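Visitor: I would like a close look at a single part of this protein. Please take me through one strand and the strands beside it.

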Amino acid sequence: MEAPSHDFVIGESAEPVTQALRKALAPRFTVVADARPHTRRHTWLETFDWRLQRAGMTLEYVTGRGCGELVLTSTDGERVSVPAQGLRWPALADTLPDGLMRARVGAVASVRALLPTAEALSTVRRLRACNADEKTIAWLTVDHARAIVPTAAGLLGANGLHPPAGPAGDLPTRLTVTPVRGYGTQADRIAARLADTHVGQPALATPFQAALAVARRWPGDYSGKLEARLDAAMPARLAMVTVLADLLTTLETNVPGTLRDVDTEFLHDLRVAVRRTRTALKLGAAALPAEVVQHYQAEFKWLGDVTTPTRDLDVYLLDYPAMADSLVGATPADLAPFHDYLVRRRAAERRHMARTLRSARFASLTSTWRTTLTGMPPGRAGRSAAQLARDTLAKAQRRVLAGGDAITSDSPPESLHDLRKRCKELRYALEFFASLCDPAGYRQAVRGLKGLQDCLGAYQDSSVQHEEIRVMAAQMMASHDVPADTLLALGELAGEVARQGHDARREFAGRFAEFAALVRRTPLRTLVTGVPR
């Protein structure tokens, strides 16, 4: 096993680095220049929601001297590198060179694009540390780097989530001592000598972390989750305003990526923020001015309706490989015209959606909504956030239980669809007031509710997709000639979707019984802490 390298940060000094190294290591070791300095560009890649960092990975694209290299490192010290040329960002993981790196990055990034999250230009000088026999025992790499604003910085938008990126700035000069095989002990002595003479201090931050600081970013600064922190005693209206303002920031943050069509999750997160906003306006209506609720419920419904067709087509295209693989009587080639049809439909719907997101109506919606939230009067005193949370959770729970108890084996599909909506409202209510809930009880409730939601979602999705496949097949036939094999493949696909719906319908009773038993044993309103019940 190779001995580890030692990383140092070199402080500012009037003395040239090479001269300082020679002085610090003399007389036992000599320092010899190995080659002329060269320039490298470092681009650190991440998904918008930091999936690689959460998985303990850092991905770097290094270019210079006519060559390129992708380097994947993990917190356990593992390092994978592959040659790479001509890559452009943003890009999905399936554009990486085939092999272990693509598999590992793809498993974590999934449908999210890799973005240039931090960048730096560096001048690298390589030196040799030699012993008394003039044998090279370690490489000394001196890296003078200057951070630059990432090319994807515009994806952050002007939404207040991050301050504007700072100008390009010098990063601390780094020195890496890398032992030659068999000379690990001597390299350790060199590192100790450098520390003793204060030529270098141990590097506490990675180059990626230092470059992020210049860009005023930090791992986890965006997750898509609701981050509003509430206080149990704060007024109910202030609590709702805090939640709604957080949702507006999330919505605005995802607009640039949605417009640039970087990956499908930007639109997904934007739509989730819209749905949560509509639910918050509905559940918190008693704490908000009636005219505000009425006006913005209509506006956010409009926004949800405008973005629905593109998202529905995104889901079809994301699921398409699995659809094609599920065919038994037909082949993926038979289904290919359906894929082409989906791509054309999505392009048309996305153009319409993009025009909407660039429209004066949308700009007015977001700007006036933020102004309304920041200027909203506090309202009458009395009701606290904790009281609002308990009342809201109790009401949402009652609606779910009443709807589920009324469903029998003879109930129409609409009853399950309505219950799914009630479950989604309850899930969002839990998210709104998560900061006021007992953490362990909250997690248990969410797990139980998620199982029921997944079942209801599978049933509704199958019902909707079954009908949509029939409609799209008819549209394809009306617009141009469609091979008979494609129609047969669509028929098989519709049959498989229907079967999945039947399976979910059979599973429903058990899923609902589990959740009902959980919340009847521990009502959700009892999860709220902070003030006496």
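Guide: What follows is a walk along strand S7 and its partners in this predicted model. Strand S7 covers residues 115-130, and three pairings that involve S7 can be described in turn.

Begin with strand S2, residues 30-33. S2 and S7 lie antiparallel and are paired over 4 bridges. To find this pairing in the structure, look for Val-31, whose bridge partner in S7 is Ala-129.

Next comes strand S3, which spans residues 38-46. S3 also runs antiparallel to S7, and 9 bridges join the two. Here a useful marker is Glu-46, which stands opposite Leu-115 in S7. Leu-115 is where the residue range of S7 begins, and Glu-46 is where that of S3 ends.

The third partner is strand S8, made of residues 136-148. Once more the sense is antiparallel, this time over 12 bridges. Within this pairing, Thr-123 has His-144 of S8 as its bridge partner.

S7 and S8 are also linked along the chain: they form a hairpin, with 5 residues between the two strands. One residue in the turn deserves a look of its own. Glu-134 has a positive phi there, of about 65°.

To retrace the route, find Ala-129 across from Val-31, then Leu-115 across from Glu-46, then Thr-123 with His-144, and finish at Glu-134 in the turn of the hairpin.

Terms used:
Residues numbered from 1 in each chain as written. Predicted model: local features only at pLDDT ≥ 70, side-chain atom pairs only at ≥ 80, totals over all residues. Heavy atoms only, no water. Pairing = 2+ DSSP bridges.
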